[in-house]
Structures are given as C-alpha cells and as structure tokens.
Amino acid sequence: KEKNQPRIIDIDILFHGDATLETKELVIPHPMISLRKFVLIPFAEIDSEFNIPHTNLKINDLLTNCPDNSKVTKYQMNSQA
C-alpha cells in the first residue's frame, strides 16, 4: 500500500499507556504528534498536563513548541446532540 492513499478508515494511535512500539506498520507514541496542532489543541483541552511517556514533556510543552502555523477552530454546535 502507498502512504496517504484513500482508505476505509484511518486511526492514529497517539499513546497507549507508557508503552513504546516501533514496527514497519505502527509507531507508538505517534511520531508526528508534536507537529500537529489539530491533534495537540483538543488533547490539551482534555489533559494539558498529560506526561509524554519516557520524556519530561507534557502536551502543553508540545503545543507551545509546535511549528504548525495552521489555524484550528472549534466547531460550535447550534443544538444539543
């Protein structure tokens, strides 16, 4: 399979406890998390003090140093689900 091609589902595993894994198919923690504001901003809203496994960093640290300049906007629902 080629990377970044259409697929039925795409699930990125950011973390799994304090586990680390590196195989051809999967790397945990996700290697690109520190580069993606669309991941870090919602994560920070849930737990900004989450400790990144095997580092001295927290989600807020990654967000503060994230080089991503894209704008992330929270969607506001008009009614209750």
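Here is a short chat about reading a predicted model of a protein.

Q: Where do I start, and in what pattern do the helices and strands follow each other along the sequence?
A: Start with the secondary structure, then its order. This protein has two helices and two strands, and along the sequence they run β-β-α-α.

Q: What radius of gyration does the protein have, and how do I read it?
A: Set it beside the value for a compact globule with as many residues. For 81 residues that value would be near 12 Å, whereas this protein has 15 Å. You can also look at the box around the C-alpha atoms, which is roughly 45 × 35 × 25 Å along the principal axes.

Q: How much of the protein is buried?
A: Buried residues account for 17% of the 81. As for the surface, the protein exposes about 7,000 Å², and carbon and sulfur atoms supply 53% of that.

Q: Which residues make up the largest nonpolar core?
A: Look for buried nonpolar residues joined through their side chains. Here there are ten: F15, I33, V39, L40, F43, A44, I52, I59, L62 and C66. Helix 1 and helix 2 (59-64) each supply at least two of them, and helix 1 gives the most, with four.

Q: Can we zoom in on one of those: what does I33 touch?
A: When you list contacts, skip the close neighbours in sequence. Leaving out those within four places, I33 is in contact with L14, F15, V39, L40 and L62.

Q: Which peptide bond is cis?
A: Omega is the angle to check. The bond from I28 to P29 is cis, with omega near -5 degrees. P29 lies in the loop between strand 2 and helix 1.

Q: H30 is in a loop too; why does H30 count as buried?
A: Being in a loop doesn't settle the matter; check the relative accessibility. H30 lies between strand 2 (27-28) and helix 1 (37-47). Its relative accessibility is 14%, so H30 counts as buried, because the cut-off is under 20%. Not counting residues up to four places away in sequence, H30 touches D12, I13, L14 and R36.

Q: And H54, is that one buried or exposed?
A: Use the same reading. H54 has 61% relative accessibility, so H54 counts as exposed; the cut-off there is over 50%. H54 sits in the loop between helix 1 and helix 2. Check its backbone as well: phi is positive, about 65 degrees, although H54 is not a glycine.

Q: Last one: how many positive and negative side chains are there?
A: Count each set, then compare where their centres fall. The protein has 9 positive and 11 negative side chains, with the two centres 6 Å apart.

Methods:
Residues are numbered from 1 along each chain as its sequence is written. This is a predicted model: local features need pLDDT of at least 70, side-chain atom pairs count only at pLDDT 80 or more; totals for chains, interfaces and linings use all residues. Side-chain values use heavy atoms; hydrogens and water are left out. The radius of gyration is taken over C-alpha atoms; the globule rule is 2.2 Å times the number of residues to the power 0.38. Buried means under 20% relative accessible area, exposed over 50%, partly exposed in between (1.4 Å probe, protein chains only). Accessible areas come from the Shrake-Rupley method with a 1.4 Å probe; for residues, only the protein chains shown count as cover. Lys and Arg count as positive and Asp and Glu as negative; His and the chain ends are not counted. The place of a charge is taken as NZ of Lys, CZ of Arg, CG of Asp or CD of Glu. Contact means heavy atoms within 4.5 Å. A nonpolar core is a set of buried Ala, Val, Leu, Ile, Met, Phe, Trp, Tyr and Cys residues joined through side-chain atoms within 4.5 Å.
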